[in-house]
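Let's take a walk through a protein structure together. Have the 3D view ready, and turn it as you read.

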Amino acid sequence: MVRRYVFPSLRLLVWAVIAVALVKIAFAGADVSTQATGEQPTGRVVEPTVEATTGSITNTVKVTASVAADPPVAVRATLAGTVSTLLATDGQHVDAGTPVLEIRQETPRDPLTRTDPETGETTVTERAPKVVLEKVTAPVAGTLSLPTLKDQVVSVGDTLGNVAPGSLSVTGTLTPDQQYRLVGAPTEAQVTLKGGPAPFVCTQLRVGAAAPPPGADPAEPGTDGASASGTVTCAVPADVTAFPGLGADLEIVNGTAADAVVVPVTAVQGTVQRGNVWVVASPDAEPEQRSVGLGLTDGEVVQITEGLALGDQVLQFVPVPGGEGEVDCADPNQYDPRVCGG
C-alpha cells in the first residue's frame with residue numbers, strides 16, 4: 001500500500017517543488033544580496049608601447065629579375081638631304097662612332113647681279129648650290145642593320161637603321177615601396193643567376209617607371225597606367241656568360257647607418273622623408289602625435305633622423321582613426337572607411 005500510493009505521491013511532490021524553484025530563478029533571478037563597497041572597476045585597455053633604441057640598419061632591396069638582350073639602338077639622320085654614299089654594309093659589326101653613311105644636302109643660292117656704272121649694263125651670274133656633307137655614325141658598337149638605299153631622300157630624325165649591341169641586362173619590376181627605398185640608388189648591384197656562375201656585380205644600374213599595359217591611357221585617372229610599378233635594370237659584364245630568359249635575383253644595398261635611432265615600422269605613419277609617431281610620456285598620459293624625420297629602413301625597423309630621442313616610448317602600432325570621438329571624414333588623416341563609407 002505504502003509503496004503503491006505513498007512513495008509515488010512523494011516523488012511527484014518533490015518534482016513539483018523543483019519545478020517551481022526553477023521557474024522562480026528563471027523569471028525572478030537568484031536572490032543574491034549585494035552590498036555597496038564603494039570600490040570601482042580599475043581595469044583598462046593598455047596599448048603596447050616600444051622604446052626608441054639604437055641599432056645598425058642596412059637598406060637592402062631584393063628584386064626578382066631576369067636576363068634580357070639589350071634592344072637595338074636606332075641610327076638617325078642628322079641632316080635633311082639625300083643619301084650620297086653608304087659607308088657600311090648590312091650585317092657588319094661596327095664600333096661606336098663608325099661612319100655608316102653620308103648625307104648630301106644642296107641648298108640653292110641666289111644669282112649675283114652686277115650693273116656696270118658706265119654703261120648701265122646688268123650682268124646676272126648663276127651660282128652653284130651650297131653643298132653640305134654629313135656623315136652619320138653608329139651610336140653604339142654591335143651588329144648593323146642598314147635597310148637605307150643610296151639616293152634615298154631623308155629628313156632630320158629619320159631612322160636609317162639600327163645597331164644591335166649584343167649585350168645583356170638584368171631587369172626586374174619594383175613595388176611602390178621598393179621604389180621609395182631606392183631613391184638615390186647606387187650605380188651597381190649584386191646579381192645571382194639561376195643555375196649560373198657565382199654572384200657578380202652588375203653596373204650602370206638604372207631605376208625608372210614601368211611602361212603602362214597596352215591600351216591603357218596613363219593620363220586618365222583610374223586606369224592601369226596609374227598603378228604601373230617601376231623597373232630596375234643593370235648591365236651584365238661582358239666576361240659573364242648568360243642567356244636571355246634566365247632568372248636572376250638582384251640585391252641592391254642603398255645605404256647603411258650605424259648607431260641610428262630606430263623604431264619598428266609598425267609604429268610609424270609614413271615610410272619616407274617624414275612620418276608620425278605617437279609618443280607616450282607616462283603610463284597615465286594620452287599618446288601625443290609627433291612629426292619625425294625618416295631615414296633608412298630594412299622593412300622591419302626605420303631610422304628616425306629627428307623628432308625622437310633615444311629611450312622615448314611610442315605606441316607600437318599606429319592608432320586606428322575613429323577609436324575615440326567623432327571622425328572628420330574630410331580630414332585625410334582621420335578618414336576611416338568603416339565610419340565614412342567607401
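We can start on the outside, where Val14, Trp15, Ile18 and Leu22 make a nonpolar surface patch of about 450 Å². Keep in mind as you look that this is a predicted model. Leucine 22, one of the patch members, sits in helix H1, which covers residues 2-28. Is leucine 22 buried or exposed? Its relative accessibility is 56%, so leucine 22 counts as exposed, because the cut-off for that word is over 50%. That's worth a second look, because in soluble globular proteins nonpolar side chains tend to be buried together.

Now zoom out for a moment. The protein chain has 3 helices and 21 strands. Of its 342 residues, 25% are buried. The chain exposes about 22,200 Å², and carbon and sulfur atoms supply 55% of that area. The contacts tell you something about the fold too: take those between residues at least 6 apart in sequence, and 68% of them join residues at least 24 apart.

Time to go inside. The largest nonpolar core has 22 residues, and the members that touch the most other members are Val170, Val191 and Leu250. Several strands give two or more residues to this core: E2, E13 (168-174), E14 (189-193), E15 (200-209), E16 (230-235) and E17 (247-264). Strand E2 provides the largest share, with 4 residues. If you click on leucine 250 and leave out residues up to four places away in sequence, you'll find that it touches a whole crowd, including Val61, Val63, Val170, Val191 and Val232. The crowd around leucine 250 also includes Lys62 and Gln190, as well as Cys202 and Cys234. Apart from this core lies another one, made of 16 residues, among them Ile103, Ala138, Leu144 and Val154.

Let's stay with strand E2, which spans residues 53-69, since asparagine 59 is found there. Asparagine 59 has a relative accessible area of just 3%, so it is buried. What does the side chain of asparagine 59 join up with? It makes a polar contact of 2.9 Å with the side chain of arginine 181. Beyond residues up to four places away in sequence, asparagine 59 also touches Ile252, Val253, Asn254, Gly255, Leu296 and Thr297.

Next stop: strand E4, home of serine 84. With 17% relative accessibility, serine 84 counts as buried, because the limit for that is under 20%. Its contacts, again skipping residues up to four places away in sequence, are Glu102, Ile103, Arg104 and Lys150. Ile103 is one of the residues in the 16-residue core we met earlier.

Follow the chain on from strand E4 (81-86) and you reach a loop that runs to strand E5 (93-94), with aspartate 90 in it. Aspartate 90 has 54% relative accessibility, so it counts as exposed. Which residues does aspartate 90 touch, not counting those up to four places away in sequence? They are Leu144, Ser145 and Leu146. Aspartate 90 and serine 145 are 55 residues apart along the chain, yet their C-alpha atoms are separated by 5.0 Å. The side chain of aspartate 90 also reaches the backbone nitrogen of leucine 146, at 2.7 Å.

Finally, let's look at charged pairs. How many salt bridges does a search of the whole structure find? It finds 5. In one of them, the side chains of arginine 274 and glutamate 306 meet, with 2.9 Å from N to O. This pair links distant parts of the chain: arginine 274 belongs to strand E18 (residues 274-279) and glutamate 306 to strand E20 (residues 301-306), 32 residues apart. Arginine 274 is partly exposed because its relative accessibility is 42%, and glutamate 306 is partly exposed because its value is 45%.

Another salt bridge brings together the side chains of glutamate 106 and arginine 104, also with an N to O distance of 2.9 Å. Glutamate 106 has 44% relative accessibility and so counts as partly exposed; arginine 104 has 34%, so it counts as partly exposed as well. You've already met arginine 104, among the contacts of serine 84. Aspartate 151 and lysine 150 form a salt bridge too, with their closest N and O atoms 3.5 Å apart. Both of these residues, aspartate 151 and lysine 150, are exposed.

Terms used. Residues are numbered from 1 along each chain as its sequence is written. This is a predicted model: local features need pLDDT of at least 70, side-chain atom pairs count only at pLDDT 80 or more; totals for chains, interfaces and linings use all residues. Side-chain values use heavy atoms; hydrogens and water are left out. Buried means under 20% relative accessible area, exposed over 50%, partly exposed in between (1.4 Å probe, protein chains only). Contact means heavy atoms within 4.5 Å. A polar contact is a pair of N or O atoms within 3.5 Å; within protein, one must be able to donate a hydrogen and the other to accept it, and residues adjacent in sequence count only if both atoms are side-chain atoms. Patches are made of residues with over 30% relative accessible area and no salt bridge: like charges are joined within 9 Å, nonpolar side chains (Val, Leu, Ile, Met, Phe, Trp, Tyr) within 5 Å. Accessible areas come from the Shrake-Rupley method with a 1.4 Å probe; for residues, only the protein chains shown count as cover. A salt bridge is a side-chain nitrogen of Lys or Arg within 4 Å of a carboxyl oxygen of Asp or Glu. A nonpolar core is a set of buried Ala, Val, Leu, Ile, Met, Phe, Trp, Tyr and Cys residues joined through side-chain atoms within 4.5 Å.
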